[in-house]
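Reader: I have a model open on my screen and would like to learn how to read it. Could you walk me through a few features?

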Amino acid sequence: SSSPVFRLATDTFFAHSRSSIKIQDGCNCECTYCRIHLARGRAVSLDVAEAVGRVQQLEEAGQQEVVLTGVNLSQYRGLYQGHNGKEYLNLAGLLQKILENTRSIRIRISSLYPESVDEDLCDVISHQRIQPYFHLSVQSGSDAILKAMRRPYRSTQVYRAVELLQ
């Protein structure tokens with residue numbers, strides 16, 4: 001069974017047009033004005049098999065879309081038991097496993113930090129079932145402000161993420 005952090009899900013709220021699955025909680029960043037790392041603790045991730053299984057259940061129940069949520073999806077590292085043993089998959093790896101193990105359910109991503117948007121993620125999210133809406137968690141375009149805020153990215157990463165997502 002999963003951690004209590006991941007028990008709440010909207011997989012039973014079928015009056016909604018989409019369900020959501022919390023796949024990540026907490027944060028390893030210690031940004032100046034943020035207290036999430038104190039309130040929610042360090043980043044934790046739902047295991048890949050459990051995340052995939054929850055999406056499969058939604059699909060089997062007739063849901064057409066699911067939103068993958070978390071405090072900081074960029075820090076998703078889900079345990080995966082594959083043919084080569086145990087490994088940890090990032091968000092791109094999880095999305096790939098969901099696509100490989102489902103047939104038609106659409107997938108939406110709640111929010112991304114700019115530094116997590118790279119070629120590997122963009123290859124996966126170009127799939128027709130990944131919905132083309134992306135929210136980047138950006139507080140400023142100024143490197144001086146980002147540094148003072150102790151954010152884990154700089155303006156060049158914001159610009160690059162936007163270019164890659166286009």
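Author: Happily! Bear in mind that this is a predicted model. Let's start with a pair of helices: the axes of α2 and helix α3 (residues 91–100) come within 10 Å, crossing at roughly 45°. Because angles from 35 up to 65 degrees are neither roughly parallel nor roughly perpendicular, α2 is oblique to α3.

Reader: Which hand does the crossing of α2 and α3 have?

Author: The crossing of α2 and α3 is right-handed. On the α2 side, V48, A51, V52 and V55 make the contact, and on the α3 side L94, K97 and I98 do.

Reader: How many nonpolar, polar and charged residues does the contact of α2 with α3 have?

Author: It has six nonpolar residues, no polar ones and one charged.

Reader: Now the strands, please. What holds a sheet together?

Author: In general, the strands of a sheet pair through backbone hydrogen bonds, in a parallel or an antiparallel way. Here, four strands make an open sheet, ordered β2-β1-β3-β6, with mixed pairing.

Reader: Which are the edge strands?

Author: They are β2 (44–45) and β6 (106–109), each of which pairs on one side only. Follow β6 inward and you meet strand β3 (residues 65–70), paired with β6 in the parallel sense over four bridges. For a place to look, find L68: its bridge partner in β6 is I109.

Reader: Where do the two helices sit relative to that sheet?

Author: Helix α2 packs on the sheet and touches β1 (19–25) and β3, its direction making about 175° with that of β1. Helix α3 lies across β1, β3 and β6, and runs at about 165° to β6.

Reader: In which sense do strands β4 and β5 run?

Author: They run antiparallel: five bridges join β4 (residues 78–82) to β5 (residues 85–89). The two form a hairpin, with two residues between them. One of the pairs to look for is G78 with its bridge partner in β5, L89.

Reader: How can I relate G78 to the helices?

Author: Try A49, which lies in helix α2 (residues 48–60). The C-alpha atoms of A49 and G78 are 29 residues apart along the chain and separated by 8.7 Å.

Reader: Is A49 buried or exposed?

Author: A49 is exposed, because its relative accessible area is 61% and the cut-off is over 50%. You can use that reasoning on D123 in helix α4 (residues 119–125): with a relative accessible area of 56%, D123 is exposed. The C-alpha atoms of D123 and S74, 49 residues apart along the chain, are separated by 16 Å.

Definitions and conventions:
Residues are numbered from 1 along each chain as its sequence is written. This is a predicted model: local features need pLDDT of at least 70, side-chain atom pairs count only at pLDDT 80 or more; totals for chains, interfaces and linings use all residues. Side-chain values use heavy atoms; hydrogens and water are left out. Two strands pair if DSSP finds at least two bridges between them. Buried means under 20% relative accessible area, exposed over 50%, partly exposed in between (1.4 Å probe, protein chains only). Axes are lines fitted to C-alpha atoms, for helices over the stretch in contact, and angles run from 0 to 180 degrees between N-to-C directions. Angles under 35 degrees count as roughly parallel, over 145 as roughly antiparallel, 65 to 115 as roughly perpendicular and the rest as oblique. A crossing is left-handed if the near helix is turned anticlockwise from the far one by less than a right angle, and right-handed if clockwise. Contact means heavy atoms within 4.5 Å. Ala, Val, Leu, Ile, Met, Phe, Trp, Tyr, Cys and Pro count as nonpolar, Asp, Glu, Lys and Arg as charged, and the others, Gly among them, as polar.
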